[in-house]
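Colleague: Please take a close look at one part of this model for me. I would like the aromatic packing, with whatever surrounds it and the overall frame of the chain.

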Amino acid sequence: MFIATPDFLTTRNMLNIGVQAAVVAVLAFGMTFVIVSGGIDLSVGSVAALAAIVTAWSAAEGVPGLLSVVLGLLAGLAAGAVNGLAVAVIGLPAFIATLAMLSIARGLALVISDGSPIPMPAIASRLGDDLGPVPVPVIVLVLAGLFAAFVLNRTVVGRNMYAVGGNEEAARLSGIRVGRVTVLVYAMSGVFAGLAGLVLAGRLASAQPQAAFGYELDAIAAVVIGGASLAGGTGRAFGTLIGALVLAVIRNGLNLLNVTAFWQQVVIGLVIAVAVAIDVLRRKRLTR
């Protein structure tokens with residue numbers, strides 16, 4: 001890519017790639033918890049939009065800025081917890097439960113905002129600013145990644161996620177409360193989606209009910225490109241970061257080459273298909 005365009009390796013463009021990767025990476029860190037435990041979350045894009053709308057709307061109604069941010073994150077937490085309860089308690093397939101939440105969260109965002117953008121409070125808009133030479137979204141990306149890595153690698157909860165994703169029945173027989181782990185991973189995915197929504201709205205300085213449309217596919221692709229298996233049991237936060245950066249680099253390079261957004265969607269779709277195919281082939285090789 002740096003041969004095709006000399007602008008690619010500039011410091012400004014590298015920071016731009018970091019900013020572009022930030023929202024997808026934060027979504028993908030939450031998605032990593034879900035995929036490691038053997039699930040899938042199709043609602044993260046809509047939950048991100050809902051969290052931003054709740055933040056902006058509550059601030060517009062007179063709620064203090066910091067409290068409105070907390071309410072936005074709580075909206076993400078609530079949506080994720082509902083997903084987890086639907087999967088763990090009711091027994092809905094994760095695909096169906098989160099697909100329903102995709103529609104519910106997007107609908108709630110449209111109802112609350114009446115279909116129009118709402119200005120973000122000043123404290124949330126700072127998530128889209130720069131802190132010295134470093135964009136705040138890049139700082140959020142790093143902090144979210146470190147937290148995800150800590151949970152997965154250093155906590156009992158993280159080990160339980162791998163156990164449940166590797167073999168749910170064996171995990172249950174070994175004393176792990178599978179239902180509790182399931183609710184927790186979806187709730188954490190919802191919080192990360194809410195944080196990603198705030199970062200995206202901070203960059204735009206307004207919450208838009210149609211924001212983050214289709215981001216769930218990018219998040220899943222980032223996790224799979226990063227080495228996680230859709231069958232569960234494997235995955236790392238660092239790999240997810242690499243996956244998100246790969247997608248951002250591809251999009252950034254295509255923009256610099258003046259490739260239209262329509263063809264960019266085709267290329268990203270092919271990347272997702274190749275990543276999933278590699279995952280399938282890898283699992284077949286392991287089962288032989």
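Modeller: What follows starts with the whole chain, moves to the aromatic residues, and ends with a few single positions.

This is a predicted model, so side-chain atom pairs count only at pLDDT 80 or more. The chain has 288 residues and a radius of gyration of 19 Å, which agrees with the value near 19 Å for a compact globule of that length. The C-alpha trace spans about 50 × 50 × 35 Å along its principal axes. Its secondary structure comes to 12 helices and four strands. Of the 288 residues, 49% count as buried.

Now the contacts. Take those between residues at least 6 apart in sequence: 77% join residues at least 24 apart. The exposed surface is about 13,600 Å², and carbon and sulfur atoms supply 68% of it. As for charge, the chain carries 16 positive and 11 negative charges. Their mean positions are 13 Å apart.

On to the aromatic part. A search of the whole structure finds two aromatic pairs. One of them joins Phe 33 and Phe 192. The geometry is edge-to-face, with 5.6 Å centre to centre and 80° between the planes. This pair links distant parts of the chain. Phe 33 sits in helix H1, residues 11-36, and Phe 192 sits in helix H9, residues 178-204. The two are 159 residues apart. Both Phe 33 and Phe 192 are buried. Phe 147 joins them, and the three residues form one aromatic cluster.

Helix H7 belongs in this picture. H7 covers residues 156-166. Its buried residues are Gly 158, Asn 160, Met 161, Tyr 162, Val 164 and Gly 165. They pack against H1 and H9, and also against helix H6 (136-154) and helix H8 (168-173). So H1 and H9, the helices of the Phe 33 and Phe 192 pair, are both partners of the buried residues of H7.

Next, helix H10, residues 215-225, which holds Ala 219. Is Ala 219 buried or exposed? Ala 219 is buried, because its relative accessible area is 0%, and the cut-off for buried is under 20%. Which residues does Ala 219 touch, neighbours within four places in sequence left aside? Ala 219 is in contact with Val 24, Leu 27, Ala 28, Met 31 and Val 44. Ala 219 and Tyr 186 are 33 residues apart in sequence. In space they are 14 Å apart, C-alpha to C-alpha.

Last, two backbone positions. Most residues other than glycine have a negative phi. Asp 114 has a positive phi of about 60° and is not a glycine. Asp 114 is found in the loop between helix H4 (94-113) and strand S1 (118-119). Asp 114 counts as exposed because its relative accessible area is 67%, where the cut-off is over 50%.

Ala 205 is another such residue, with a positive phi near 65°. Ala 205 lies in the loop between H9 and strand S4 (206-207). At 41% relative accessibility, Ala 205 counts as partly exposed. H9 thus comes up again here: Ala 205 is in the loop between H9 and S4, and Phe 192 lies in H9 itself.

Note on methods: Residues are numbered from 1 along each chain as its sequence is written. This is a predicted model: local features need pLDDT of at least 70, side-chain atom pairs count only at pLDDT 80 or more; totals for chains, interfaces and linings use all residues. Side-chain values use heavy atoms; hydrogens and water are left out. The radius of gyration is taken over C-alpha atoms; the globule rule is 2.2 Å times the number of residues to the power 0.38. Buried means under 20% relative accessible area, exposed over 50%, partly exposed in between (1.4 Å probe, protein chains only). Contact means heavy atoms within 4.5 Å. Accessible areas come from the Shrake-Rupley method with a 1.4 Å probe; for residues, only the protein chains shown count as cover. Lys and Arg count as positive and Asp and Glu as negative; His and the chain ends are not counted. The place of a charge is taken as NZ of Lys, CZ of Arg, CG of Asp or CD of Glu. Rings of Phe, Tyr and Trp (its six-membered ring) pair if their centres lie within 6.5 Å; planes under 30 degrees apart count as stacked, over 60 as edge-to-face and the rest as tilted.
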